[in-house]
Amino acid sequence: MSVNTNDTADTIVHQDLEHICASAGGELTRMAGKRLLITGGAGFLGYYLVQTITHYNATRSAGHPIELTVFDNFSRGVPQWLEGLRSKLNLVRHDVRHPLPTNMGHFDFIIHAASIASPTIYRQDPIGTMDANVNGLRSLLEYFKGEKETGRPVGGFLFYSSSEIYGDPDAANIPTAEDYRGSVSCTGPRACYDEAKRYGETLCVNFARQHGLPVKAARPFNNYGPGLKITDGRVIPDFARDVLCGRDIVMLSDGSATRTFCYSADAVAGYYKVLVRGRAGEAYNIGVEKPEISMAQLGERIVALGAKLYGYRGKVVRQTSGDADYLVDNPNRRCPIITKARTELGYEPKIDLDEGLRRSMVWYGGNREGVA
Ligand SMILES: NC(=O)c1ccc[n+]([C@@H]2O[C@H](COP(=O)([O-])OP(=O)(O)OC[C@H]3O[C@@H](n4cnc5c(N)ncnc54)[C@H](O)[C@@H]3O)[C@@H](O)[C@H]2O)c1
């Protein structure tokens, strides 16, 4: 898949949905005719998680659609793309920190993605962030357990954990495999997120073991791509916003921290694989192994891309964040080993960084809401 000059945001999304449906075709077919609940479906990963199902139903379901329900508290409003899908799914305003609705009905599959994910934003509501990942998760697991106990089929439960559960690994544990135990502060400014995800995984493992439930966890490593709001506060949309505004790219660090970035269409195919085929009580890294690049190198790539796509003439400049905690406990390096997902689930990311960044920048060009 390559972006040509005629590509628009819409064609990118269509190609990506085809890519996900092809990569996770077997897993989607296993959910045909079943009921799926996605919490946090209005967010970035929800953008492709949700549209994958409606696209599958429209193009491949052969009369056995996956019946989709989305729960979200819509703290940032109902996004336009989701509003447009109202007739194709059940959209429910629900905050997962509160008790579940009494009229839930049955769900065969559950994806719990509801959580603030942006460090800039979760630091403003640390307790709310913990509650969504601990209490919200617990309610859903109890519900799933109840479904099993009343003899209803339970196909799979996916909890969105995070690569942040590894904290700031020592050099010997980079790249990082699932059996690394982590180096995490339990009181620092990121702890509300990291520790809630860690406890969430502990809940998942023990519901799987004690109650025989097919509960799994995914650990996303820096996903990016269409659907990630340009105002989200994560690095790629921040840089994209600077390009589209025609101003210099502002880097709020010395640029030395490194990451590997995984394009969302590859990642979402991986998440459906974990949900349907992952082993109960197991966690899977979902990301890419290379290239591991510094924020300074990322900035340069986006400058070059901006020049090619939009005639951008800016450069990368350094500034200090007004948020004193911006860099506290920020891992220096983050890079996964994905052998477990690759060998057990057939997860194989295909869209390389240059291609993914190009696709993202074209998408941002067509989705400028919030560019200022
Ligand atoms: N995107 C990544 O690279 C990444 C990395 C690690 C982990 N994750 C995890 O994946 C999941 C999805 O991440 P995302 O990037 O789509 O985040 P996002 O912030 O874009 O979307 C999260 C969605 O959850 C909703 N939400 C938040 N709190 C809620 C609550 N209490 N009740 C109901 N809805 C609530 C928000 O309204 C939003 O629509 C999160 O659990 C996140 O922690 C993502």
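## Sheets, helices and a ligand shell

Helix α3 lies across β1 (35-39), β2 (67-72) and β4 (109-112), and runs at about 165° to β1. Axes here are lines fitted to C-alpha atoms, for helices over the stretch in contact, with angles from 0 to 180 degrees between N-to-C directions. Contact means that the C-beta atoms of two residues, placed from the backbone, lie within 7 Å. Helices (H or I, at least four residues) and strands (E, at least two) are DSSP runs, numbered from the N terminus.

A word on the model itself. It is predicted: local features need pLDDT of at least 70, side-chain atom pairs count only at pLDDT 80 or more, and totals for chains, interfaces and linings use all residues. Residue numbers start from 1 along each chain as its sequence is written.

Now the overall picture. The chain's secondary structure comes to 13 helices and 14 strands. Its radius of gyration is 20 Å, close to the 21 Å that the globule rule gives for 372 residues, so the chain is as compact as a globular protein of that length. That radius is taken over C-alpha atoms, and the rule is 2.2 Å times the number of residues to the power 0.38. Along the principal axes, the C-alpha atoms fill a box of roughly 60 × 45 × 40 Å. Of the contacts in the chain with a separation of 6 or more, 81% are between residues 24 or more positions apart. Buried residues make up 46% of the 372; buried means 20 or more other C-beta atoms within 10 Å of a residue's own, exposed means 12 or fewer, and partly exposed is in between, with C-beta atoms placed from the backbone.

On to the sheets. One open sheet has 7 strands in the order β3-β2-β1-β4-β5-β6-β11, with parallel pairing. β3 (90-93) and β11 (283-286) stand at its edges with a single partner strand each, so one side of each has no neighbour in the sheet. From one strand to the next, the twist averages 20°. Strands count as paired if DSSP finds at least two bridges between them.

β5 is a good place to look inside this sheet. All 5 of the 5 residues of β5 are buried, so the strand is largely enclosed by the rest of the structure. Both of its faces are covered, with G156, L158 and Y160 buried on one side and F157 and F159 on the other. β5 (156-160) pairs with β6 (215-220) in the parallel sense over 4 bridges, and β4 and β5 likewise pair in the parallel sense over 4 bridges. Some of the facing residues are listed here.

| Residue | Stands opposite |
|---|---|
| I110 | F157 in β5 |
| F157 | V215 in β6 |
| L158 | K216 in β6 |

Helix α7 lies across β4, β5 and β6, running at about 175° to β4. α7 (135-149) also helps cover the buried residues of α6, as do α5 (119-122) and α8 (191-211). Those buried residues of α6 (126-133) are T129, M130, D131, A132 and N133.

There is also an open sheet of 3 strands, in the order β12-β9-β14, where the pairing is mixed. Here β12 (293-294) and β14 (333-334) are at the edges, each with a single partner strand, so one side of each lacks a neighbour in the sheet. β9 (258-259) and β14 run parallel and are joined by 2 bridges; the partner of T258 in β14 is R333.

R334 is found in β14 too. It counts as buried because it has 24 C-beta neighbours inside 10 Å. Leaving aside neighbours within four places in sequence, R334 is in contact with S163, F221, N222 and R259. From R334 to G128 is 206 residues in sequence and 26 Å in space, C-alpha to C-alpha.

Back in α3, N57 counts as partly exposed because it has 18 C-beta neighbours inside 10 Å. Not counting residues up to four places away in sequence, N57 touches P65 and I66. N57 and S253 are 196 residues apart in sequence, and their C-alpha atoms are 44 Å apart in space.

Finally, the ligand. It is surrounded by 28 residues, the closest being G40, G43, F44, S115 and A117. A residue is near the ligand if its C-beta atom, placed from the backbone, lies within 6 Å of it. Helix α3 (44-59) gives the largest share of this shell, 3 residues. The shell divides into 12 nonpolar, 12 polar and 4 charged residues, where Ala, Val, Leu, Ile, Met, Phe, Trp, Tyr, Cys and Pro count as nonpolar, Asp, Glu, Lys and Arg as charged, and the others, Gly among them, as polar.
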